[in-house]
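Visitor: I have a structure to look at and some questions about it. Could you walk me through them?

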Number of protein chains: 2
Amino acid sequence: MKLTTFDHFNCSLAQTLSVIGEHWTLLIIRDAFFGLRRFDEFHNSLGISRNVLSVRLKKLVTAGIFEKTDGPGHPEYRLTEKGLALQPALVAMTHWGDTYLPNPEGKRLTFVDRRDGKPIKPVGIYAADGRRLKPKEIKAKAGPGLRNAEPYARTVPLEEVEGNA
Amino acid sequence: MKLTTFDHFNCSLAQTLSVIGEHWTLLIIRDAFFGLRRFDEFHNSLGISRNVLSVRLKKLVTAGIFEKTDGPGHPEYRLTEKGLALQPALVAMTHWGDTYLPNPEGKRLTFVDRRDGKPIKPVGIYAADGRRLKPKEIKAKAGPGLRNAEPYARTVPLEEVEGNA
DNA sequence: GCAGTTAAGTTCTTTGATAGAACTCTTATG
DNA sequence: CATAAGAGTTCTATCAAAGAACTTAACTGC
């Protein structure tokens, strides 16, 4: 009765969730984006219990999302390039929360271009020519990595689905 | 010793994770994007246990992500607009998994514009003028919804952080 | 009308995962 | 050298998930 992992799904989302989908993990990564690097910094910022934090950090290092280095007299955990590449996903979720679970007093954060201070383009789905696409304006096409025997290729003929992601 | 919720964080990401961050939830939503609508469809597609699926669907309906309707003789769960708006986050995570946890036989899915069949622009962070921005080229600015007393405003002075998200 | 079937959801038990506190160990610091 | 601070580990109590069995309700022929 182990907690089910999602590794066995041939699905990029399930694979991703196997690595970053556990309780606390994405918040630890968020804190790392905000500059936290040390065990107790994460512990204090989140109120996560120490044993769980320990397990999570180990897993993230193994996964290549964090790099553990010797800081000035103490270890430090820093995002690798692989970890930094999670930024669009984090920003997309942040943006969704801002929109649908807002703070009544206004936006909590805005992301701006460091160069000119202007807000970034809202994270979304854009066509090659730059048009913003709505959920049902895209469809998924199976690539070489997806066999027809796979669960979610089987359940629904991909080409015929409305609003798939 | 209840499993900690993230509701108390004044953080859009934490709020989002309170709703979609539980085990299985995002895969249920993914399946809904692929056209699944019924209890047993989700159950069969994911192999999730029925009790957990039941709890998750209820929570998603309460959160306004799914809408429960009477289908032809049986209930159906469909994504609301709020649920459909999660698409960019899902696609961003899918894209990350495709890149960093790839299937050796090639891409599993490609997302294309329904209109012309061309692949969408890769999900990422873009400046107002369309330039693609790297993680450290943006910064977060506190808005009216974020007080200085808040945890992650406290931990790090936002303006001085490298590569924050 | 009723036996058989299918689907939706609930209940129950077992076991794994988390919360929280206490503890160990190593490294700075006066 | 004493003390403290930070980084983890260990321990116990409780909660949540896995898996199977059960209940309920609607459809399907006969």
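Below are questions and answers on this predicted model.

Visitor: Which residues are closest to DNA strand D?
Guide: The model is predicted. A residue counts as near the strand if one of its heavy atoms lies within 4 Å of it. By that test, 23 residues surround DNA strand D. The closest are A:Thr4, A:Ser54, A:Tyr77, B:Asn51 and B:Arg56.

Visitor: Which elements each supply at least two residues of the surface near DNA strand D?
Guide: By class, that surface divides into eight nonpolar, six polar and nine charged residues. Both chains appear in the list of elements. Chain B supplies helix H4 (50-62). Chain A supplies helix H3 (39-46), helix H4 (50-62) and strand E2 (75-79).

Visitor: What share of the atoms of DNA strand D within 4 Å of the protein belongs to sugar or phosphate?
Guide: Some of these atoms belong to bases. The others are sugar or phosphate atoms, and their share is 62%.

Visitor: Which side chain has an N or O atom 2.9 Å from a base nitrogen of DNA strand D?
Guide: Set the phosphate contacts aside. A:Lys58 has a side-chain N or O atom 2.9 Å from a phosphate oxygen of the strand. A polar side-chain atom of A:Tyr77 lies 2.7 Å from a phosphate oxygen. The base nitrogen is paired with the side chain of A:Arg50.

Visitor: Which residues are closest to the centre of the largest pocket?
Guide: The volume of this pocket is about 1100 Å³. Its lining counts 42 residues. Closest to the centre are A:Glu22, A:His23, B:Gly21, B:Glu22 and B:His23.

Visitor: Which element gives the largest share of the lining of the largest pocket?
Guide: By class, the lining has 18 nonpolar, 14 polar and ten charged residues. The largest share is four residues. They come from H1(B).

Visitor: What relation superposes chain B on chain A?
Guide: Chain B falls on chain A with an RMSD of 0.0 Å. The rotation is 180°, with 0.0 Å of shift along its axis. That is the relation of a two-fold axis.

Visitor: Which residue of chain B comes closest to the rotation axis?
Guide: Take the C-alpha as the reference atom. The closest approach in chain B is 2.6 Å. That residue is B:Ala89.

Visitor: Why do the copies meet through the same surface?
Guide: Compare the interface residues of the two chains. Those of chain B are also interface residues in chain A, so the copies meet through the same surface. The share of chain B interface residues for which this holds is 100%.

Key: Residues are numbered from 1 along each chain as its sequence is written. Chains are lettered from A and ligands numbered from 1 in the order in which they are written. This is a predicted model: local features need pLDDT of at least 70, side-chain atom pairs count only at pLDDT 80 or more; totals for chains, interfaces and linings use all residues. Side-chain values use heavy atoms; hydrogens and water are left out. A polar contact is a pair of N or O atoms within 3.5 Å; within protein, one must be able to donate a hydrogen and the other to accept it, and residues adjacent in sequence count only if both atoms are side-chain atoms. Ala, Val, Leu, Ile, Met, Phe, Trp, Tyr, Cys and Pro count as nonpolar, Asp, Glu, Lys and Arg as charged, and the others, Gly among them, as polar. On a 1 Å grid over the protein atoms alone, a cavity is a set of points where a 1.4 Å probe fits but cannot get out, and a pocket is an open set with protein on both sides within 12 Å along at least five of seven lines; lining residues have an atom within 4 Å of a point. Grid points are joined across faces, edges and corners, and a volume is the space filled by probe spheres set on the points. Copies are superposed by least squares on the C-alpha atoms of residues with pLDDT of at least 70 in both. Contact means heavy atoms within 4.5 Å.
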